[in-house]
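User: I would like to go through this structure and ask how each label is justified. Please set the values against the rules.

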Amino acid sequence: MSDLLERLRGRGWRLTSQRRVVAEVLDGEHVHLTADEVHARAAERLPEISRATVYNTLGELVTLGEVVEVATDGRAKRYDPNAHRPHQHLICTGCGAIRDVQPRGNPLADLPAEQRFGFAVSQAEVTYRGLCPNCAG
């Protein structure tokens with residue numbers, strides 16, 4: 001069973017066939033699919049699944065904190081199932097490919113006290129951008 005499915009079962013989330021197939025499609029190390037890509041892959045496994053069901057399921061997974069919505073500069077939102085593993089994103093400015101990365105250091109600790117402006121900082125999001133080997137070639 002996938003990591004995402006195990007987490008959802010552990011939370012007592014009712015796994016209908018539609019929800020299960022969406023979770024199975026999202027499962028993986030560097031999966032960052034758009035809602036339309038999730039729907040297309042889910043429909044290969046369960047042809048009767050509707051686009052609305054996929055969108056609703058993705059929304060529920062985001063609300064539960066089991067999937068992270070990743071916005072990439074005006075492109076379609078992508079969905080990242082690695083919500084419980086600390087990481088940052090590396091995004092290709094050409095094709096929009098996304099990879100999970102774990103840089104060294106702690107971005108929270110790297111922000112100097114005088115630049116926190118009194119905020120109690122609890123989270124940092126760092127996004128690295130560049131060209132992937134296919135786009136750079």
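User: What makes the length of α4 agree with that of a helix at 1.5 Å a residue?

Analyst: This is a predicted model, and the values are computed from it. Helix α4 covers residues 51–64, which is 14 residues. The expected span is 1.5 Å times one less than the number of residues. That gives 20 Å, and α4 reaches 20 Å from its first C-alpha to its last.

User: Which residues of α4 are buried, and how do you know that they lie on the same side?

Analyst: V54, T57, L58 and L61 are buried in α4. They cover an arc of only 100° around the axis, which puts them on the same side of α4. The buried residues of α4 pack against α1 (3–10), α2 (17–26), α3 (35–45) and β3 (78–80). Just after the helix, G65 takes a positive phi of about 80°.

User: How many helices and strands are there, and in what order do the elements run?

Analyst: The protein chain has five helices and six strands. From the N terminus on, the order is α-α-β-α-α-β-β-β-β-β-α.

User: Why are β1 and β2 called edge strands?

Analyst: The open sheet of three strands has the order β1-β3-β2, with antiparallel pairing. β1 (33–34) and β2 (68–70) each have a single partner strand, so one side of each is left without a neighbour in the sheet.

User: What makes β2 and β3 a pair?

Analyst: Two strands pair if at least two bridges are found between them. β2 and β3 have three bridges, in the antiparallel sense. One bridge partner can be named: V70 is matched with R78 in β3.

User: Why is β4 described as largely enclosed?

Analyst: A residue is buried under 20% relative accessible area. Four of the five residues of β4 (residues 88–92) are buried, so the strand is largely enclosed by the rest of the structure.

User: Which strands pair with β4, and in what sense?

Analyst: Four bridges join β4 to β5 (residues 98–101), and these strands run antiparallel. The bridge partner of Q88 in β5 is V101. β4 and β5 form a hairpin with five residues between them, and G96 in the turn has a positive phi of about 85°. With β6 (residues 127–130), β4 pairs in the parallel sense, over four bridges. There L90 stands opposite Y128.

User: What makes the contact between E66 and R11 a salt bridge?

Analyst: The rule asks for a side-chain nitrogen of Lys or Arg within 4 Å of a carboxyl oxygen of Asp or Glu. The side chains of E66 and R11 meet at 2.9 Å, N to O. E66 lies in the loop between α4 and β2 and R11 in the loop between α1 and α2, so the pair ties together parts that are 55 residues apart in sequence. By this rule the count comes to nine salt bridges. D3, R7, R11 and E66 are linked in a network of them.

User: Are E66 and R11 buried or partly exposed?

Analyst: Buried means under 20% relative accessible area, and partly exposed lies between that and 50%. E66 has 3%, so it counts as buried. R11 has 45%, so it counts as partly exposed.

User: What makes R19 and E60 a salt bridge, and which parts of the chain does the pair link?

Analyst: The limit is 4 Å, and the side chains of R19 and E60 meet at 2.5 Å, N to O. The pair links distant parts of the chain, with R19 in helix α2 and E60 in helix α4, 41 residues apart. R19 is buried because its relative accessible area is 16%. E60, at 29%, counts as partly exposed.

User: How do you know that E24 and R45 form a salt bridge?

Analyst: The side chains of E24 and R45 meet at 3.3 Å, N to O, which is to be set against the limit of 4 Å. This pair also links distant parts of the chain: E24 is in helix α2 and R45 in helix α3, 21 residues apart. E24 has a relative accessible area of 27%, so it is partly exposed.

User: How much of the whole chain is buried?

Analyst: Buried residues make up 33% of the 137 residues.

How values were computed. Residues numbered from 1 in each chain as written. Predicted model: local features only at pLDDT ≥ 70, side-chain atom pairs only at ≥ 80, totals over all residues. Heavy atoms only, no water. Helix = DSSP H or I, 4+ residues; strand = E, 2+ residues; numbered from the N terminus. Buried < 20%, exposed > 50% of the residue type's maximum accessible area, 1.4 Å probe, protein only. Arc of directions from axis to C-beta. Contact = heavy atoms within 4.5 Å.
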